[in-house]
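Hi there,

Here is the structure I promised to pass on. Have a look at it first, and then read on for what turned up.

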Amino acid sequence: MGAEMTDQDTIAELRAVQAERLAALDPLLPPVLADPPGDTHLLTASLPDGGRVHGLVQRVEHEPDSLPALWSSLSCWRLFPLLGTSPGAGMAALLPEWRAYLDTIDLPADSACQVMWPSRDTVAAGPLLHGGFVPIAALAVRSPGAPEPPAPPAG
């Protein structure tokens, strides 16, 4: 008799496949991290092909007089998608599950929903844009070494 996969097995598999896929997409990306620290809520979404994807939802609270409150809502709901090899269909299936979960919570007025996702993964970015998400921050990297000096001005 074969052992059935648990959600934790599925999450570990999705995380490994996603890490490999994103590393191939952009080798400068950091590795996919373990679960975010603190309490999280597990979301599960079904795909049209019968597969499943998951997402971890974390609530982060900022004090009104804290430094992060200068550029963030006081109450942030962060989604950490685990989409494996189904970035487009997975994100499209996960976002309504997240919304349904948030609809069960009395959200404070100063709230935000955040998803940190590599912009080069345009397949997963499509459902985010379609769902009304917009980029609010960008992190750029460059290869080590001295930068090339700028060209002298013309004329």
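Strands β2 and β3 pair in the antiparallel sense, over 8 bridges. Within that pairing, V60 stands opposite C76 in β3. Before you go further, please keep in mind that this is a predicted model.

On β2 there is also a partnership with β1 (residues 40-46), again in the antiparallel sense, with 7 bridges between the two strands. Here L42 stands opposite L56 in β2. The two strands form a hairpin with 5 residues between them, and in the turn G50 has a positive phi of about 95°. As for β2 itself (residues 52-61), 7 of its 10 residues are buried, so this strand is largely enclosed by the rest of the structure.

Strand β3 (residues 75-82) pairs with β4 as well, this time in the parallel sense and over 5 bridges. W77 stands opposite C113 in β4. If you follow the chain from β3 through α2 to β4, you trace a right-handed β-α-β unit.

It may help to place these pieces in the whole chain. There are 3 helices and 4 strands, and from the N terminus on they run α-β-β-β-α-β-α. The chain has 155 residues, of which 34% count as buried. Its C-alpha atoms fill a box of roughly 75 × 45 × 30 Å along the principal axes. Among the contacts with a separation of 6 or more, 57% are between residues 24 or more positions apart.

Now to the cysteines, since you may want to know how to treat them. How many disulfides does a search of the whole structure find? The search finds 0. The reason is plain for C76: its sulfur is 9.1 Å from the closest cysteine sulfur, which belongs to C113, and that is too far for a bond, because a disulfide needs the two sulfur atoms within 2.5 Å. Seen from the other end, C113 is in no disulfide either, and the nearest cysteine sulfur is that of C76. The surroundings of the two can be set side by side: C76 is buried, with a relative accessible area of 0%, while C113 counts as partly exposed at 37% relative accessibility.

Another residue to look at in β4 is Q114. Q114 is buried, with a relative accessible area of 17%. Leaving aside neighbours within four places in sequence, Q114 is in contact with S72, C76, W77, R78, L79 and W98.

W98 turns up again in the aromatic search. The structure holds 1 aromatic pair, and W98 and F133 form it: the pair is stacked, with 5.9 Å centre to centre and 15° between the planes. What does this pair tie together? W98 lies in helix α2 and F133 in the segment after α3, so the pair ties together parts that are 35 residues apart in sequence. W98 is buried, with a relative accessible area of 2%, and F133 is partly exposed, at 22%.

That leads to α3 (residues 122-130). In this helix A124, A125, P127 and L128 are buried. Seen down the axis of α3, these buried residues fall within an arc of 160°, so they line one face of the helix. An α-helix has 3.6 residues a turn, so residues three or four places apart point the same way. The cover over the buried residues of α3 includes α2 (87-102) and β4 (111-115). On the other side of α3, T122, L129 and H130 are exposed.

After α3 comes G132, whose phi is positive, near 95°. In the segment after α3 you will also find A137, which is exposed, with a relative accessible area of 69%. A137 and M116 are 21 residues apart in sequence, and their C-alpha atoms are 9.4 Å apart in space.

Happy to talk any of this through once you have had a look.

Best wishes

Technical notes
Residues numbered from 1 in each chain as written. Predicted model: local features only at pLDDT ≥ 70, side-chain atom pairs only at ≥ 80, totals over all residues. Heavy atoms only, no water. Buried < 20%, exposed > 50% of the residue type's maximum accessible area, 1.4 Å probe, protein only. Arc of directions from axis to C-beta. Contact = heavy atoms within 4.5 Å. Phe/Tyr/Trp six-rings, centres within 6.5 Å; stacked < 30°, edge-to-face > 60°. Pairing = 2+ DSSP bridges. Right-handed = clockwise from strand over helix to strand, strands pointing away.
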